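Student: Please take me through the labels used for this model. I want the criterion behind each one.

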Amino acid sequence: MLGSEEGLVGVSRIDLKVGGSVGGKRGSTGFLGCDFWLGGEVVVLMVVVDGGASGMGGCWCGFIEINSLTYTIHVPTLHLGSTCEAIVCTLGAARDRALSSFGEEKITKLVVYASDQTHSCVEKAAKRVGIPPRNFQVLATTSNTDFAMSPKTLREAMDADTAQELVPLYVCATIGTTPSGAVDPVNELGHVTSASGAWLHVDAAYAGSACICPEYRHYLDGVELANSVSMNPHKWLLTNMDCTCLWLKNPTTLVECLSSKPEYLRNKASESGNVVDYKDWQISLSRRFRTLKLWIVLRQYGSDYLMCHIRNGIELAEYLESLIYKNDKFELLVPRKFSLVCFRLKPQNGEDGVETNARNLKLLEALNSSGQAYMTHAVIGGAFAIRCAIGGVLTQIKSGILMSSRC
Ligand SMILES: Cc1ncc(COP(=O)(O)O)c(C=O)c1O
């Protein structure tokens, strides 16, 4: 059923021969992917092409049908339960790689970089893998960059840390941050990170799904510089909880970090070295068959429907945005990129920030207690933002009102 030799247990790692070029980058070797054989076709959710010395690296993401066989891609992909797991595993791998180069006593010198918009799971993971809390560097973002992480700020922070004999370890760039949907500039951050020798992880938990559509793929530019990338089909790609894809540039570091060889798990196959032991790619020993779930989603809906689902969510968000623009009482707090709209009631004359925030909280509570809508909140640049995240198949416009068809 799944043509990938390893796909049945949740990792797709195939030598894929693809007709023609991938994203116009013919002749390069891809290193990241999520691939399923569907009958005679291969569906590729994401392929990152590493052009090596040719400098022709780039990213291709979406769905392809394989016709002629001219192109070889190695795609180590893992299906985990959550981004939190992906971050703990990759951060652990980065830590072990650094400690083997610099010596175990340097654990107190390793620094993890995130922005003030990065998901809290990175800070949690840093603590869990033994990074001292003082070495978790939160880089401030501003409205000047639409709350994206600034490569200049990252470089300055790394330079200052290096001057104090600290070691840059891990940078988490996000495509579609949780509070506001901001997109960190992966390409520029990738260059700063590579120069420092740190590990770059791209967290595309939410907005990675949008990148199946050609018009949103540019947000992945530079992703070939990343060591790892994760995205959650369970967020916006019609897949039931839980399913996170983790792509790795070089799984060896991760496997060295996570492998164990107890006697009771040894057998001829494991000793032969000819099989992949997925326990060595994740924290737990047992694993759910997430690949099948994702495969069924891709198989059942097909690429056109999935792209239509993403575009529909974004169109509905644009509609809400247009209503906010037309209404004097409301304002958008950040430019919308995907299907997340962050807005608030505008400050009234003579009102201070605390009062405006309190009025918006009251509105959010009223909205949610109505049972007609469910929205969440974030604080962006000190302002309380109401977050309307559209992603369900039942959301639609009825008589000019954005609602779930169940209402
Ligand atoms: C950008 C981002 N990263 C990470 C996470 C955490 O995802 P998970 O629940 O899969 O660990 C979220 C969840 O909202 C998210 O939006």
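Tutor: Start with helices. A helix here is a DSSP run of H or I with at least four residues, numbered from the N terminus. The model itself is predicted. By that count the chain has nine helices, along with 18 strands.

Student: What is the phi of Gly-130, just after H2?

Tutor: Gly-130 takes a positive phi, about 90°.

Student: What makes Cys-121, Val-122, Ala-125 and Ala-126 of H2 lie on the same side?

Tutor: H2 covers residues 121–128, and these four are its buried ones. Their arc around the axis is only 140°, so they sit on the same side of H2. The buried residues of H2 pack against H1 and against three strands: S7 (110–115), S8 (136–139) and S9 (167–174).

Student: Why is Leu-238 called buried or exposed?

Tutor: Count C-beta atoms. Buried needs 20 or more others within 10 Å. Leu-238 has 20, so it is buried. Leu-238 belongs to the loop between H5 and S12. Its phi is near 55°, a positive value in a residue other than glycine.

Student: And Glu-165: why is it called buried or exposed?

Tutor: The limit for exposed is 12 or fewer. Glu-165 has 8 other C-beta atoms within 10 Å, so it is exposed. Its phi is positive too, about 65°, although Glu-165 is not a glycine. Glu-165 sits in the loop between helix H3 (151–163) and S9.

Student: What label does Leu-367 get?

Tutor: Leu-367 has 15 other C-beta atoms within 10 Å, a value between the two limits, so it is partly exposed. Leu-367 is in helix H9, residues 353–369. Beyond neighbours within four places in sequence, Leu-367 contacts Ala-373 and Met-375.

Student: How much of the chain is buried?

Tutor: 46% of the 407 residues.

Student: Which residues have the most contacts inside the largest nonpolar core?

Tutor: That core has 89 residues, and the ones with the most contacts inside it are Val-112, Leu-169, Tyr-170, Val-171, Leu-200 and Val-202. Helix H1 (residues 83–102) gives the most to this core, eight residues.

Student: How do you know where this core lies relative to domain 2 and domain 3?

Tutor: Look at who contributes. Domain 2 (78–288) and domain 3 (303–404) both give residues to the core, so it lies between them.

Student: What does Val-171 contact, leaving aside neighbours within four places in sequence?

Tutor: Val-171 is in contact with Tyr-113, Leu-154, Leu-189, Thr-193, Ala-198 and Leu-200.

Student: What share of the contacts between residues at least 6 apart joins residues at least 24 apart?

Tutor: That share is 68% in this chain.

Student: Which residues come nearest to the ligand?

Tutor: Of 13 residues around the ligand, Ser-82, Thr-83, Cys-84, His-119 and Ala-205 come nearest. The shell divides into eight polar residues, four nonpolar and one charged.

Student: What kind of peptide bond joins Met-241 and Asp-242?

Tutor: A cis bond, with omega about -5°. Asp-242 is in the loop between helix H5 (233–236) and strand S12 (244–248).

Key
Residues are numbered from 1 along each chain as its sequence is written. This is a predicted model: local features need pLDDT of at least 70, side-chain atom pairs count only at pLDDT 80 or more; totals for chains, interfaces and linings use all residues. A residue is near a molecule or strand if its C-beta atom, placed from the backbone, lies within 6 Å of it. Ala, Val, Leu, Ile, Met, Phe, Trp, Tyr, Cys and Pro count as nonpolar, Asp, Glu, Lys and Arg as charged, and the others, Gly among them, as polar. A nonpolar core is a set of buried Ala, Val, Leu, Ile, Met, Phe, Trp, Tyr and Cys residues joined through C-beta atoms within 7 Å. Helices (H or I, at least four residues) and strands (E, at least two) are DSSP runs, numbered from the N terminus. Domain bounds come from an automatic or database domain assignment. Two residues are in contact if their C-beta atoms, placed from the backbone, lie within 7 Å. The arc is that of the directions from the helix axis to the C-beta atoms.
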